[in-house]
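Biologist: Hey, can you pull up that model so we can go through it together?
Modeller: Sure, here it comes.

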Amino acid sequence: MKTRPVAAPRYLFVGGLHRTGTSLITRLLSAHPKIDAITDAPVPENEGAFLQGAIPHTARHGIPGQYATDPAQHLTEGCRFDNLETRLRLEHDWAPWFGSSGEWRIEKSPVNLVRMRLYQQLFPLSQFVVILRHPEAMAAALAKWTDMPTDALIDYALDAYSLAFADLEYLHAAIVVRYEDLVVEPQRVLAQITSFCNLSPVALSCPIHDGNTRYEGAPRMTDHQAKRAAAYGYLPGLQVTPSEVEVRHPLRTIRDAASRAR
């Protein structure tokens with residue numbers, strides 16, 4: 001009798017600005033038995049961007065506070081990396097760092113935020129998790145890594161979020177979550193993402209701390225910035241309003257399951 005070939009793992013790419021929770025959400029999701037993550041790699045935060053040679057990633061790439069609004073780092077369909085050679089090199093370079101039992105391989109690098117459209121071209125069955133964080137908290141958390149003033153960092157966050165949402169229009173399968181929802185209701189947010197991947201829920205694997213509390217009193221957004229941030233449920237003073245999860249998927253049943261997950 002002929003046996004059906006084993007399906008190759010699919011990629012779940014996590015993208016977001018530095019200091020927004022990409023490492024946290026990846027660690028929580030990788031506790032699922034069907035999700036393999038890069039582990040024990042000799043690079044910061046096990047980020048795949050540092051482990052591959054297909055797309056240049058030097059000291060001038062992925063700079064906190066800069067990369068997400070640098071047009072040269074916004075990689076889309078038809079760019080010079082949109083070819084089979086890039087895909088094969090990425091898979092070759094990443095493979096040793098993943099396990100071999102999962103249906104999904106989760107790869108977390110902040111620069112994924114500006115590579116989603118390219119990765120969809122290279123890996124057509126891939127799906128994407130975008131994580132947002134209140135711009136005031138992100139700016140305060142990132143301040144120790146950059147000399148940029150607070151108002152410029154807040155503008156950077158808002159510009160990056162606008163670009164990411166514009167790119168969502170080109171993606172078949174993507175979900176947007178907020179750091180604030182993750183730390184308040186981690187089980188619900190994890191259930192939304194696992195439903196989005198058509199997987200069973202994953203148990204919470206570690207305690208969750210709300211990192212925004214350490215930035216109470218951080219500089220506030222201007223009125224103009226606040227108007228832009230309101231689109232994501234963010235108000236001045238680290239305030240957050242309820243917001244529906246943003247889910248894009250070709251199957252309505254998956255969209256509905258992710259939206260209703262608890």
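Modeller: We'll chat about a strand, a loop residue and the nonpolar cores, and keep in mind that this is a predicted model.

Biologist: Okay, start with strand β3. Is it mostly buried or exposed?
Modeller: Buried. Five of the five residues of β3, which covers residues 104–108, are buried, so the strand is largely enclosed by the rest of the structure.

Biologist: Which residues sit on each side of β3?
Modeller: Trp 104, Ile 106 and Lys 108 are on one side, while Arg 105 and Glu 107 are on the other. Both faces are covered. That every-other-residue pattern makes sense because side chains in a regular strand alternate between the two faces of the sheet.

Biologist: And how many bridges join β1 to β3?
Modeller: Five, and the two strands run parallel. β1 is residues 10–15. To find the pairing on screen, look for Phe 13, which stands opposite Glu 107 of β3.

Biologist: What about β2, how does that pair with β3?
Modeller: β2, residues 35–37, also pairs with β3 in the parallel sense, over three bridges. There, Asp 36 has Arg 105 as its bridge partner. Between β2 and β3 the chain passes through helix α2, residues 84–94, and that β-α-β crossover is right-handed.

Biologist: Switching topic: where is Thr 20?
Modeller: Thr 20 is in the loop between β1 and α1.

Biologist: A loop, huh. So why does Thr 20 count as buried?
Modeller: Because its relative accessibility is 0%, and the cut-off for buried is under 20%.

Biologist: What does the side chain of Thr 20 reach?
Modeller: The backbone oxygen of Leu 17, at 2.5 Å. Skipping neighbours within four places in sequence, Thr 20 also has contacts that include Ile 131, Met 138, Tyr 161 and Tyr 179.

Biologist: You mentioned cores. How many residues has the largest nonpolar core?
Modeller: It has 49 residues, and those with the most contacts inside it are Leu 17, Tyr 67, Trp 94, Leu 118 and Tyr 119. Elements that each supply at least two residues include β1, α2, α3 and β4.

Biologist: Which element gives the most to that core?
Modeller: α5, with nine residues.

Biologist: Leu 118 caught my eye. What is Leu 118 in contact with?
Modeller: Away from its neighbours within four places in sequence, Leu 118 is in contact with Ile 55, Leu 75, Thr 76, Cys 79, Phe 81 and Asp 82.

Biologist: And what does the second core include?
Modeller: That separate core has 29 residues, among them Ile 25, Val 129, Ile 131 and Val 245.

Definitions and conventions: Residues are numbered from 1 along each chain as its sequence is written. This is a predicted model: local features need pLDDT of at least 70, side-chain atom pairs count only at pLDDT 80 or more; totals for chains, interfaces and linings use all residues. Side-chain values use heavy atoms; hydrogens and water are left out. Buried means under 20% relative accessible area, exposed over 50%, partly exposed in between (1.4 Å probe, protein chains only). Helices (H or I, at least four residues) and strands (E, at least two) are DSSP runs, numbered from the N terminus. Two strands pair if DSSP finds at least two bridges between them. A crossover is right-handed if, with the strands pointing away from the viewer, the path from the first strand over the helix to the second runs clockwise. A polar contact is a pair of N or O atoms within 3.5 Å; within protein, one must be able to donate a hydrogen and the other to accept it, and residues adjacent in sequence count only if both atoms are side-chain atoms. Contact means heavy atoms within 4.5 Å. A nonpolar core is a set of buried Ala, Val, Leu, Ile, Met, Phe, Trp, Tyr and Cys residues joined through side-chain atoms within 4.5 Å.
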